[in-house]
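The following exercises concern the strands, helices and cavities of one protein model. Each task is followed by a solution in steps.

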Amino acid sequence: MTLKASERSAIAPFYAMEVLRAANRRAAEGAHVLHLEVGEPGAGAPEPVLAAARAAIGRVRLGYTEALGTPALRARIARHYRDRYALAVDPARVAVTIGASGAFLLAFLAAFDVGDRVAVAEPCYPAYRNILSALGIEVVALQAGPEHRFQPTVELLDEAGPLDGLVVASPSNPTGTMLAPDQLARLAGWCEAHGVRLISDEIYHGITYGMAESCALAHSERALVVNSFSKYFAMTGWRLGWMVMSEDVAGAVDRLAQNLFVSPAALPQHAALVAFDCRDQLDAYVAGYARNRKMLLERLPEAGFDRLAPADGAFYLYADVSRLANDSQELCARMLDEIGVAATPGVDFDPRRGHRYVRFSFAGGEAEIAAAAERIVAWRP
Ligand SMILES: Cc1ncc(COP(=O)(O)O)c(C=O)c1O
């Protein structure tokens with residue numbers, strides 16, 4: 001007799017991880033593969049973070065911490081809001097989580113019920129859609145095109161029907177586009193006026209190329225703000241992030257975190273305490289992404305990739321490839337096969353229009369991105 005498997009788990013894969021698997025397979029066959037598919041900083045955690053981790057082993061009892069994280073890290077994160085955004089955040093409102101990913105699960109469970117309607121602007125980071133779907137929450141996809149700089153607008157929200165939540169990301173993945181502070185303020189005001197919970201994914205804060213970034217807490221008391229040590233802090237594998245909770249859901253998040261995770265891992269929490277003091281090294285990483293961005297903006301058009309979203313931040317270029325191919329999945333497969341460059345097809349981020357787009361990540365080392373540009377220009381699809 002076959003056993004039942006849940007219908008709610010029938011969500012889409014994260015294709016970037018599937019491309020990574022295909023790229024690794026090509027590499028195992030002997031190909032020299034250049035990785036522009038995953039959004040992972042090429043350099044690892046800064047040296048002081050590594051030193052703090054080494055020092056903690058043997059010196060600190062690495063047991064469970066409190067479910068919402070160590071008081072020291074929660075206080076340090078709260079101070080970050082004062083230092084960076086001039087915002088007063090009570091450490092009691094900070095939840096340390098297992099990456100931004102863990103924060104989404106907690107935020108969505110704390111804020112929404114089965115059947116609620118939550119808007120995301122497509123294209124977007126696929127996990128928003130896939131986690132919401134797995135939780136039985138209806139995903140309302142706002143069709144944000146180049147004319148909206150791929151970001152939600154109050155006009156798109158007005159047309160979306162009744163909503164319970166809105167997820168925004170600025171800078172966004174896959175486009176890198178940002179909401180100007182007044183645009184974020186308008187969206188936050190719309191959410192307040194309509195009783196809609198705003199969830200702001202600020203994981204790419206710190207990685208910007210001239211445009212001002214704004215924290216949703218500056219515009220809304222009740223926004224849930226998600227961030228992580230994965231991107232600016234270059235600590236992907238440490239699996240550590242955080243959420244600034246509004247008071248009305250803080251108790252729910254605490255109870256959910258206790259039951260779902262018991263606590264975030266202790267060692268990364270000790271090490272992350274010093275990450276905020278590594279700005280020089282981390283800003284040098286950002287300067288490297290800026291050089292990669294400049295170089296790809298110059299070189300990709302030579303190969304016909306000339307319709308690129310304005311990458312205000314993050315480390316992605318989202319290219320409209322409809323003049324080069326009908327199906328970006330096939331184009332990415334050919335690119336990997338023929339020239340060993342891995343990139344992510346847009347269907348990951350936009351099930352409706354993604355077949356026309358490819359995302360190039362320039363988070364890797366400068367030599368790798370330059371070599372990829374050479375191969376793509378010589379290839380000319
Ligand atoms: C926009 C966005 N949010 C969240 C995440 C997940 O980050 P974390 O490693 O903190 O779980 C990613 C990872 O690529 C991302 O691009």
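Two strands are taken to pair if DSSP finds at least two bridges between them. The model is a predicted one.

**Exercise 1. Determine which strands pair with strand E12, in which sense, and whether E12 is buried or exposed.**

Step 1. Consider strand E11, residues 344-345. Two bridges link E11 to E12, and the sense is antiparallel. Within this pairing, Thr344 has Arg359 of E12 as its bridge partner.

Step 2. Turn to strand E9, residues 316-320. E9 and E12 run antiparallel and are joined by five bridges. Here Tyr316 is positioned opposite Ser361 of E12.

Step 3. Examine the two faces. In a regular strand, side chains alternate between the two faces of the sheet. In E12, Tyr357, Arg359 and Ser361 belong to one side, while Val358 and Phe360 belong to the other, and all are buried.

Step 4. Conclude. Since five of the five residues of E12 (residues 357-361) are buried, the strand is largely enclosed by the rest of the structure. The cut-off applied is a relative accessible area under 20%.

**Exercise 2. Establish the strand order of the seven-stranded sheet and identify its edge strands.**

Step 1. The order is E2-E8-E7-E6-E5-E3-E4, in an open sheet with mixed pairing.

Step 2. The edges are E2 (94-97) and E4 (138-143), each of which pairs on one side only. From one strand to the next, the twist averages 20°.

Step 3. One pairing may be inspected in detail. Strand E5 (residues 165-169) is parallel to strand E6 (residues 197-201), with five bridges between them. Gly165 has Arg197 of E6 as its bridge partner.

Step 4. Helix H3 (residues 71-85) can now be placed against the sheet. H3 lies across E2, E7 (224-228) and E8 (241-244), and runs at about 115° to E2.

**Exercise 3. State how many residues of helix H5 are buried and what covers them.**

Step 1. H5 comprises residues 126-134, and eight of its nine residues are buried. Among them are Pro126, Tyr128, Arg129 and Leu132.

Step 2. The cover over these buried residues includes helix H4 (99-111) and strand E3 (117-122), together with E4, E5 and E6.

Step 3. After H5 comes Gly136, which has a positive phi near 80°.

**Exercise 4. Describe the linings of the largest and the second largest cavity.**

Step 1. Three cavities of 30 Å³ or more are present. The largest has a volume of about 90 Å³. It is lined by 13 residues, of which Ala121, Pro123, Cys124, Ala169 and Ser172 are the closest to its centre.

Step 2. E5 provides the largest share of this cavity's lining, namely three residues. By class, the lining of the largest cavity contains ten nonpolar, three polar and no charged residues.

Step 3. The second largest cavity has a volume of about 60 Å³. Its lining includes His80, Arg84, Tyr85, Asn227, Ser228 and Trp242.

Step 4. H3 and E7 each contribute at least two residues to the lining of the second largest cavity, and H3 gives the largest share, three residues.

Step 5. Classification of the second lining yields five nonpolar, five polar and one charged residue. The largest cavity, by comparison, has no charged residue in its lining.

Conventions
Residues are numbered from 1 along each chain as its sequence is written. This is a predicted model: local features need pLDDT of at least 70, side-chain atom pairs count only at pLDDT 80 or more; totals for chains, interfaces and linings use all residues. Side-chain values use heavy atoms; hydrogens and water are left out. Helices (H or I, at least four residues) and strands (E, at least two) are DSSP runs, numbered from the N terminus. Axes are lines fitted to C-alpha atoms, for helices over the stretch in contact, and angles run from 0 to 180 degrees between N-to-C directions. Contact means heavy atoms within 4.5 Å. Buried means under 20% relative accessible area, exposed over 50%, partly exposed in between (1.4 Å probe, protein chains only). On a 1 Å grid over the protein atoms alone, a cavity is a set of points where a 1.4 Å probe fits but cannot get out, and a pocket is an open set with protein on both sides within 12 Å along at least five of seven lines; lining residues have an atom within 4 Å of a point. Grid points are joined across faces, edges and corners, and a volume is the space filled by probe spheres set on the points. Ala, Val, Leu, Ile, Met, Phe, Trp, Tyr, Cys and Pro count as nonpolar, Asp, Glu, Lys and Arg as charged, and the others, Gly among them, as polar.
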